[in-house]
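Work through the following exercises with the structure open beside you, and try each task before reading its solution.

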Amino acid sequence: MGDIPDRVSQVDCDILVIGGGTAGPMAAYKAKVKNPKARVVLLEKANVKRSGAISMGMDGLNNAVIPGHATPEQYTKEITIANDGICDQAPVYKYAERCFEIIQELDKFGIRFLKDEKGDFDVKKVHHIGTYVLPMPNGDTVKKALYRQLRRAQILISNRYMATRLLTGRDGRIAGAVAVNTRTSEFLVLRAKAVILCLGAAGRLGLPTSGYMFGTYENAANSGDGYAMAYHAGAGLANLECFQINPLIKDYNGPSCAYVAGPFGGYTANNEGMRFIECDYWSGQMMLEFYNELLSGKGPVFLKLDHLANETIGEIESILHRVERPTRGRFHEGRGTDYRHRMIEMHISEIGFCSGHSASGVFVDEFARTTVPGLYAAGDMANVPHNYMLGAFTNGAIAGEHAIDYAAETDLGEFDPEDVAAECRRVLAPTLREDGIPPNQIEYKTRRFVNDYLQPPKVTRKYELATDRFAEIRDDLEHGMVARDPHELMRSLEAASILDCADMAVCASLFRTESRWGLYHYRTDFPERDNDNWLCHTILSKRDGAMVCETRPVAPYIVPIADDERDAYDRQRIGRRA
Ligand SMILES: Cc1cc2nc3c(=O)[nH]c(=O)nc-3n(C[C@H](O)[C@H](O)[C@H](O)COP(=O)(O)OP(=O)(O)OC[C@H]3O[C@@H](n4cnc5c(N)ncnc54)[C@H](O)[C@@H]3O)c2cc1C
């Protein structure tokens with residue numbers, strides 16, 4: 001590899017926010033607004049202007065708790081039930097209490113939300129029980145609006161820096177992070193009193209059925225670095241066996257999206273055009289019914305809109321083809337699929353970790369604190385279940401506000417310089433080889449095996465085989481991978497994160513010896529749900545260099561769930577009609 005600057009620059013700050021997608025900008029903004037004198041750094045692997053899951057915009061808020069339409073109690077109850085009871089309710093309740101204020105703030109930033117003729121928020125019902133979906137007619141402006149606020153608040157933005165490892169002090173407190181420039185390979189050590197992880201989902205874990213490595217459902221820059229970094233820093237990660245698997249448009253690999261089309265009368269149907277699930281809100285049980293239908297002889301599964309009026313379809317197109325994914329209209333045009341005449345073929349996504357749509361993430365409490373002092377996490381990588389975009393904004397805000405108070409009472413932590421030196425050696429190892437295996441081959445092989453062995457239904461024997469295959473890949477990665485330029489160096493680091501996530505997926509899945517969350521954790525060797533032994537979190541962490549799992553009780557509910565409500569999400573299949 002060409003010249004790599006041997007200089008390691010260092011920056012000191014009060015708060016380091018890693019990941020400038022959705023949660024990160026809000027965390028940085030709230031911290032800075034609360035203490036304008038503080039040094040707040042926002043570090044991003046891409047460019048904050050257009051990074052993360054909302055890079056092109058977003059069609060709406062999936063989970064808005066708006067007074068007059070829903071209460072924090074109702075929302076907390078719905079999410080607890082949707083998540084099969086495994087839910088520490090305090091963070092969910094706190095989100096539900098705060099999110100309306102965040103909507104109003106986003107409104108002031110210039111992001112508009114759909115209102116009815118009386119000027120009230122026009123919230124739509126998609127969930128099984130309550131009403132929470134709020135469309136965003138100018139959702140394509142969300143990133144621009146956020147960026148303006150970051151500039152106004154004078155946040156220090158470092159684009160094109162990829163964080164690789166966290167630094168902790170001898171006392172176990174967070175002390176900062178190491179990052180590497182994705183264009184020059186220059187190292188940057190960031191010392192910080194508090195660090196907020198907002199690195200998004202582990203979206204490049206499974207391989208899309210299209211075979212394209214970057215054609216993932218999730219933002220493809222989210223390669224699980226946050227999960228890997230939290231793990232290596234000793235933080236606990238919760239319920240990683242609760243995979244993210246989403247319904248999507250086949251070959252396009254984007255959302256279909258029943259959340260937009262549902263309120264207009266669209267729905268998910270089988271090849272006979274019949275509805276087979278009660279509710280299009282995504283849950284593990286819904287995905288299991290989807291999967292069963294695919295295998296039943298009544299698949300494929302489709303998004304059905306062809307029964308709707310031309311004007312209604314026009315309205316749906318004006319959202320789905322313009323706001324979040326402008327490529328979607330072009331995809332349908334190219335394929336010759338018009339919603340008016342044909343149902344649109346859907347499929348099942350590759351697996352990943354994500355709490356935005358599921359519940360797999362770094363364990364946090366209601367202040368977004370992880371188990372490492374001074375380390376916070378928010379957004380898709382923190383385990384507040386089903387928290388989506390508004391959850392990223394709200395929990396990002398909560399993290400920023402708490403972290404800035406924490407930073408006011410603490411000094412910069414002291415880390416061991418040898419930790420930085422060791423990280424530089426790890427990062428640079430693939431650059432020192434003359435020849436070897438390029439990172440894309442390491443990544444492709446890992447993700448192909450993720451599909452072969454980890455995609456649910458989960459079979460114990462397959463998971464055991466995966467353990468062996470991943471160990472072989474790790475040997476190749478550590479001793480044979482080559483990086484020939486800064487771009488490949490970034491990819492080599494991502495390949496390492498992806499492999500870490502694959503190992504974590506195996507470890508957590510084998511630990512929970514029951515089935516739960518529908519398809520997300522359906523184990524053929526333990527097909528039943530076992531509430532007597534497993535109505536608890538699984539926490540995965542690194543101890544003495546090894547990956548370990550343990551159980552953690554679910555915190556006592558603050559919103560009680562009646563016995564006859566507990567299984568509301570289990571009854572997804574539409575019964576046979578006489
Ligand atoms: C296709 C799709 C459609 C969706 N539709 C909706 C919807 O309609 N409504 C809704 O409410 N929610 C929706 N969501 C969910 C919502 O977008 C996410 O929950 C939310 O944006 C997650 O925010 P985040 O900050 O956690 O992650 P992101 O916004 O993805 O940000 C993560 C950031 O971290 C950066 N990063 C990653 N690794 C590193 C590293 N090593 N160093 C530095 N930076 C790094 C990335 O570049 C990225 O900018 C959708 C998600 C997807 C993928």
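**Exercise 1. Two helices side by side**

At what angle do helix H12 and helix H14 pack, and how many Å apart are their axes?

Solution. The model is a predicted one, and the values in these solutions are computed from it. Begin by locating the two helices, of which H12 covers residues 439-454 and H14 covers residues 486-511. Their packing angle is about 20 degrees, and their axes lie 8 Å apart. Because this angle falls under 35 degrees, H12 counts as roughly parallel to H14. The next step concerns the sense of the crossing, which for H12 and H14 is left-handed. Finally, look at the residues that meet: on the H12 side they include Ile442, Thr446, Val450 and Leu454, and on the H14 side they include Ala495, Ile498, Leu499 and Ala502. Sorted by class, the contact of H12 with H14 consists of 10 nonpolar, two polar and four charged residues.

**Exercise 2. A second partner for H14**

Determine how H13 and H14 are oriented towards each other, and list some of the residues through which they meet.

Solution. First take the geometry: H13 and H14 pack at about 155 degrees, with their axes 10 Å apart. Since an angle over 145 degrees counts as roughly antiparallel, that is the description that applies to H13 and H14. The crossing of H13 and H14 is left-handed. The contact itself involves, among others, Tyr463, Phe470, Ile473 and Leu477 in H13, together with residues of H14 that include Ala495, Leu499, Ala502 and Val506. By class, the contact of H13 with H14 has 12 nonpolar, three polar and three charged residues.

**Exercise 3. A crossing of another kind**

Classify the arrangement of helix H3 and helix H10 from the angle between them.

Solution. Helix H3 spans residues 89-109 and helix H10 spans residues 388-408, and the two pack at an angle of about 100 degrees with their axes 9 Å apart. An angle from 65 to 115 degrees counts as roughly perpendicular, and H3 and H10 are therefore roughly perpendicular to each other. Among the residues that make this contact are Tyr95, Cys99, Ile102 and Leu106 of H3, and Leu390, Phe393, Ala397 and Ile398 of H10. The residues in the contact of H3 with H10 divide into nine nonpolar, three polar and three charged.

**Exercise 4. Counting disulfides**

How many disulfides does the model contain, and why does cysteine 198 not form a bond with cysteine 354?

Solution. The cut-off needed here is that a disulfide requires two cysteine sulfur atoms within 2.5 Å. For cysteine 198, the closest cysteine sulfur belongs to cysteine 354 and is 13 Å away, which is too far for a bond. For cysteine 354, the closest cysteine sulfur is that of cysteine 242, at 10 Å, which is again too far. The count for the model is zero disulfides. As a further step, consider accessibility: cysteine 198 is buried at 8% relative accessibility, and cysteine 354 is buried with a relative accessible area of 0%.

**Exercise 5. Backbone exceptions**

Which residues does each of the two cis peptide bonds described here join, and where do tyrosine 388 and aspartate 544 lie?

Solution. Start from the general expectation that most residues other than glycine have a negative phi, and that most peptide bonds are trans. One cis bond joins glycine 299 and proline 300, with omega at about -5 degrees, and proline 300 lies in the loop between helix H7 and strand E12. Another joins proline 456 and proline 457, with omega at about 0 degrees, and proline 457 is placed in the loop between H12 and helix H13.

Turn next to phi. Tyrosine 388 has a positive phi of about 50 degrees although it is not a glycine, and tyrosine 388 is located in helix H10, where its relative accessible area of 5% makes it buried. Aspartate 544 also has a positive phi, near 50 degrees, and it is found in the loop between strand E16 and strand E17. With a relative accessible area of 84%, aspartate 544 is exposed.

**Exercise 6. A glycine in a loop**

Is glycine 139 buried or exposed, and which residues does it contact beyond its neighbours within four places in sequence?

Solution. Glycine 139 sits in the loop between strand E4 and helix H4. Its relative accessibility is 0%, so glycine 139 counts as buried. Leaving aside those sequence neighbours, glycine 139 is in contact with Gly57, Met58 and Val323. Glycine 139 and leucine 61, which are 78 residues apart in sequence, are 9.5 Å apart in space from C-alpha to C-alpha.

Conventions:
Residues numbered from 1 in each chain as written. Predicted model: local features only at pLDDT ≥ 70, side-chain atom pairs only at ≥ 80, totals over all residues. Heavy atoms only, no water. Buried < 20%, exposed > 50% of the residue type's maximum accessible area, 1.4 Å probe, protein only. Axes fitted to C-alpha atoms, helices over the stretch in contact; angles between N-to-C directions. Helix = DSSP H or I, 4+ residues; strand = E, 2+ residues; numbered from the N terminus. Left-handed = near helix turned anticlockwise from the far one by under 90°. Contact = heavy atoms within 4.5 Å. Nonpolar A, V, L, I, M, F, W, Y, C, P; charged D, E, K, R; others polar.
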